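Hello,

Here is the structure you are taking over. Please open it first, then read my notes below.

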Amino acid sequence: MQIKSQPDPIRLEIFKNLYQFIAEQMGIVLQNTATSVNIKERLDFSCAIFDSSGLLVANAPHIPVHLGSMSESVRSLINDKGDTLKPGNVYLSNNPYNGGTHLPDVTAITPVFLESSENNPSPMPNAQCPMPIFFVASRGHQADMGGITPGSMPPDSTTVEEEGILFDNFLLVEEGKFRENSVRQHLSNHTYPARNPDQNIADFKAQIAANERGVQELRKMVSQYELDTVQAYMTFVQANAEESVRRAIAVLKDGSFTYKMDDGSQIQVKVTIHPENRSATIDFTGTSLQLNSNFNAPKAVTQAAVLYVFRTLVDDNIPLNAGCLNPLEIIIPVGCMLNPTYPAAVVAGNVETSQTIVDALYGALGVMAASQGTMNNFTFGNEQYQYYETICGGSGAGIDFDGTDGVHSHMTNSRLTDPEVLETRYPVLLESFSLRPDSGGKGKYSGGNGVVRRIRFLEPMTANILSGHRVVSPFGLNGGEAGKLGRNWIQRQNGIEENLDSTATVEMKTGDVFVIETPGGGGFGQIS
């Protein structure tokens, strides 16, 4: 097939959808073969394909905070193991300082090599050491990766070691052979070992299977269209995304925003638009220094939040990929809470601070009020059970739309576990789950309402809440009112109520009820 310097519009659309289709197929395999509630029911996972240099090409519509950061993990693997990559190898990584988000999010990365039987118009320079032609990766939130609390989402961790076990380009499969003994040893050889290694290994195997589907589908594509064409259109798809983002930037204006968080820290961002080349500089100078808490967001998470915001400003149907970043210069001072240094704790940075970054950027651009700005991370468990969920709330209103009630917004895109599954797998009762009336901020366009979730415990367990906007309200914009604060509290079996902070660990006894009231979104514009 003849390769042109400019893509054929029809073929561009075909390949754009083909790449995304492969990622979607990977996701279906992962969901069907996983055993944990997190992956099978809540769909807290992401799958994507990358070019030979580790740049994101296409993804399925999974979890934005995963997708915008996974490329850093793939490129870390290339830099670390590039000369030793072999067909049949699979690697594991969750290192927040090498492209990871937080330790429960574990990425399986598989390099894709050209099969020797395929027609290769560009022969490999060294037959002894072939180079990968692509990479595929799947990231799944593990129910437990060790750490000081069940579920590996401790509210009060101060170092990354307290949050669980770190994998850094760990060889999971060596030339087709699963290294189970090594994995088990790694999961157990830690100050705070994994509580359920059998489940970890089962989900790792599901990720291996998902990646293998991606490998097979990419090889089929190469067989049908030839390698040069497939790689050329990877570049074209990225370039198309870049041009779409540049068109979106062209209509934006400079802006800045300072966003206070519940703990007193702040995110400060200044967006400068450069009309001459339709690019933007996003500068986080002035943001609080690295924290002693776990609300530090790894650099990859901060970049993922920026990528997400600018992708949402594009009306075109494009995959989120590396091309979206090309028009953006992102300045994140080293040692601030959005670019911490090892061994800072980061578990809340991925799930909480990421949401704040997004809202701060929308505030700076003047396009949307704050959404609930938190994932309301709720974990509970003991040595036998470990469970994690994120809870929906109100989304913010915008220039010409109301917010939405009871939705996962921005950097999360997971489901809640079905009540029947939750109550079958764990000794709890979902007592009620309802919208929270009048919790969205009023305005010309009103913010969405939060929810109220009540879970009764049927046996003693440790419960943890890691949340935000319990002190600082989600802001309204252009005269719109702020959303209502969230609230965490315990109703003991004897009727006594105990209020909890934004982050808390509490021992639940049989009959106690944990109540989470999530924030509403901010309103936009004054009511006329």
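Strand 1 (residues 45-50) runs antiparallel to strand 5 (residues 134-141), and six bridges join the pair. One contact point to look up is S46, whose bridge partner in strand 5 is R139. Keep in mind that this is a predicted model.

Both strands belong to an open sheet of seven strands. The order across this sheet is 2-1-5-4-3-6-7, with antiparallel pairing. What stands at its edges? Strand 2 (56-59) and strand 7 (177-178) do. Each has a single partner strand, so one side of each is left without a neighbour in the sheet.

Now the other sheet. Five strands form an open sheet in the order 14-15-20-17-18. The pairing is antiparallel here. Strand 14 (428-435) and strand 18 (497-500) are the edge strands, and each pairs on one side only. From one strand to the next, the twist averages 15°.

Within this sheet, look at strand 15 (residues 451-457) and strand 20 (residues 513-517). They pair in the antiparallel sense over five bridges. R453 is opposite I516 of strand 20.

A word on confidence. The protein has a mean pLDDT of 93. Of its residues, 96% reach 70 or more. Residues 117-127 need care: pLDDT is below 50 there. Beyond near neighbours in sequence, this stretch has nine contacts in the model.

Best wishes

Terms used
Residues numbered from 1 in each chain as written. Predicted model: local features only at pLDDT ≥ 70, side-chain atom pairs only at ≥ 80, totals over all residues. Heavy atoms only, no water. pLDDT = per-residue confidence, 0-100. Contact = heavy atoms within 4.5 Å. Pairing = 2+ DSSP bridges. Helix = DSSP H or I, 4+ residues; strand = E, 2+ residues; numbered from the N terminus. Axes fitted to C-alpha atoms, helices over the stretch in contact; angles between N-to-C directions.
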